Each structure stands twice: as C-alpha cells, then as structure tokens.
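Please look over the sequence and the structure shown here before reading on. The paragraphs that follow begin with one residue and then widen the view.

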Amino acid sequence: MTRKPLIAGNWKMNMNHLESIALVQKIAFALPEKYYAKVDVTVIPPFTDLRSVQQIVDSDKLKLRYGAQDMSEHDSGAYTGDISGPMLAKLGCTFVVVGHSERRTYHYEDDAVVARKAKAALKHGITPIICIGEGLDIREAGDHVDYNINQLRGSLDGLTQKELAKIVIAYEPVWAIGTGKVASAADAQEVCAAIRSELSRIASPETAAKTRVLYGGSVTSKNIASIVAESDVDGALVGGASLKSDEFAQLCAVAAGGPF
Ligand SMILES: O=C(CO)COP(=O)(O)O
C-alpha cells in the first residue's frame, strides 16, 4: 500500500500571530499547489496563532492544513490554561500533536495521559500525531526498539480498533531533537518498522499498512530524501526547519518526490 507522505511543521514556542500570518503566506507562495497531490503538509503553530492561520488558509483556500501542539483530555471545565478538543475543532484544526517529548519532559505527561488526549482528539474529529522516542541513554544501551514499543502500547491504551485506524505516529528520538544529530535513515527505518509491526498486532495488518509513521529530529531539506526513501517512514515532524519558509517548502517538495 502506498501511503501519502505527511510533513508536519512543529513551530514549538515560536512565532507570534503576526509572524504566523507572514510565514504561512510565504510557505503558500514557495510551495506551489501541485505538490499537494503528492504530499500532505500541515503547520503546527502555537495556540495563539491558530485563528490567524485559519483565516489565511480559509480566505486563500490553501491546501495547507494546520493543527495544535497539545490539547486537554477534557472537553471543558475548570482546567486553567488548557485548551480543549472542541475549541480546536471549532478552529478547523486537522491535527494535534500529543505526547511530544518536550511535553513529556517539561509537563510530566506520561503514556496514560497521552493516550487519553489522543482519544479525546479523535472524539472531536482531530487526527492525533502521537509522539514516542527514546533518550540517548536508552539508545546507547541498545534498548531503543523495546522502549519505543512499550511507549507505543502505553500511548495507545484504550483506543478502539476504529480509533487506531485514524492516528498518525511520530518517532522522535530525543537525542536527535534540535541537536543537528539526525538519526540515520536506517535507524529511523528500524524503529518505524517495529512500530508498524506492533500496530499490526494491536490493531490489524490493514490498519498498520495504512497508518502514517513519521520520523522527527533534525530533519532538513538536505536529509529528508533519504529518510522518506525508507519503506516504513511516511514523512516527518519538523521543528527548526519549519520556521523558514523556503527551507520548509523545499523540504516538502523533496518529500513529494520533486522538485517538479
Ligand atoms: O521535535 C521536533 C519536531 O516535533 C524536531 O525538532 P527539530 O527538527 O528542531 O530537531
């Protein structure tokens, strides 16, 4: 089965709403519409930018999609500072990242809460991009495959078969995030393939065959070609390189098999 690659630009805590308007317009200009037949592209701005991004995407009928970097497991209520699935759905978000290693580290999110957030996203028609990934100590000990599979199981706990068929997984080794130390294409393939076989067990072979498994960690327009050439890597979750319009557009064009 061929899976359409997905490139997700995670802006993290960068870009105010005015900057977000400029960046989306520049990406739209730099990546001609024809590329969207071969690659899905989404930006993942901070919450404060989503309304501005929505307005640009809607008014210019862009094929670019957008999503949020996190969401609450709850629909509403006394959860100061949190943002709910219904709020994101109302803003037209297609995706939400859950379980990013920065949330796991700085906000102490564990697999159980990640799984509940993923379930909440699906309840509101938003596709969760569920992140897993090992630290350097685990990689050096050679335990990375087992570690990621355990994290995957925990982060999917309680999802029904129907829900499992609607998710995106992102493998982001923590040691490769923001460090310039990209995993080799073979390293990315090893874990992404293991994720797919586990999905085949906990969901079904059909679901595993159609689920997009992304790689993230120091992805640029220079290394994306070798990463997406791997049979089980279906795109990338991109941090730093998603903040520059030309670089991000180039990266998406290469993921589409271009430039053409
Ligand atoms: O964490 C990441 C995307 O979610 C990766 O960040 P970098 O691409 O900056 O390494």
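In this predicted model, histidine 100 is in contact with Gln69 and Cys131, once its neighbours within four places in sequence are left aside. You will find histidine 100 in the loop between β4 (95–98) and α4 (101–106), and because it has 28 C-beta neighbours inside 10 Å, where 20 or more are needed, it counts as buried.

The UniProt record, in an unreviewed entry, places the feature "active site" at His100 and at Glu172. These two positions span 73 residues in sequence, yet their C-alpha atoms are no more than 8.3 Å apart, so they gather at one spot.

Turning to the second of these positions, glutamate 172 is found in the loop between β6 (168–171) and α9 (185–202), and it also counts as buried, because 28 C-beta neighbours lie inside 10 Å. When its neighbours within four places in sequence are left aside, glutamate 172 is in contact with several residues, among them Ser101, Cys131, Gly133 and Leu237. Cys131 therefore appears in the contacts of histidine 100 as well as in those of glutamate 172.

Stepping back to the whole chain, you can count twelve helices and eight strands, and the C-alpha trace spans about 50 × 45 × 35 Å along its principal axes. A compact globule of 260 residues would have a radius of gyration near 18 Å, and the chain, with 17 Å, agrees with this. Buried residues make up 46% of the 260 residues, while among contacts with a separation of 6 or more, 73% are between residues 24 or more positions apart.

Technical notes. Residues are numbered from 1 along each chain as its sequence is written. This is a predicted model: local features need pLDDT of at least 70, side-chain atom pairs count only at pLDDT 80 or more; totals for chains, interfaces and linings use all residues. Helices (H or I, at least four residues) and strands (E, at least two) are DSSP runs, numbered from the N terminus. The radius of gyration is taken over C-alpha atoms; the globule rule is 2.2 Å times the number of residues to the power 0.38. A residue is buried if 20 or more other C-beta atoms lie within 10 Å of its own, exposed if 12 or fewer, and partly exposed in between; C-beta atoms are placed from the backbone. Two residues are in contact if their C-beta atoms, placed from the backbone, lie within 7 Å. UniProt positions are given in the numbering used here, feature names are shortened, and annotations may be inferred rather than shown by experiment.
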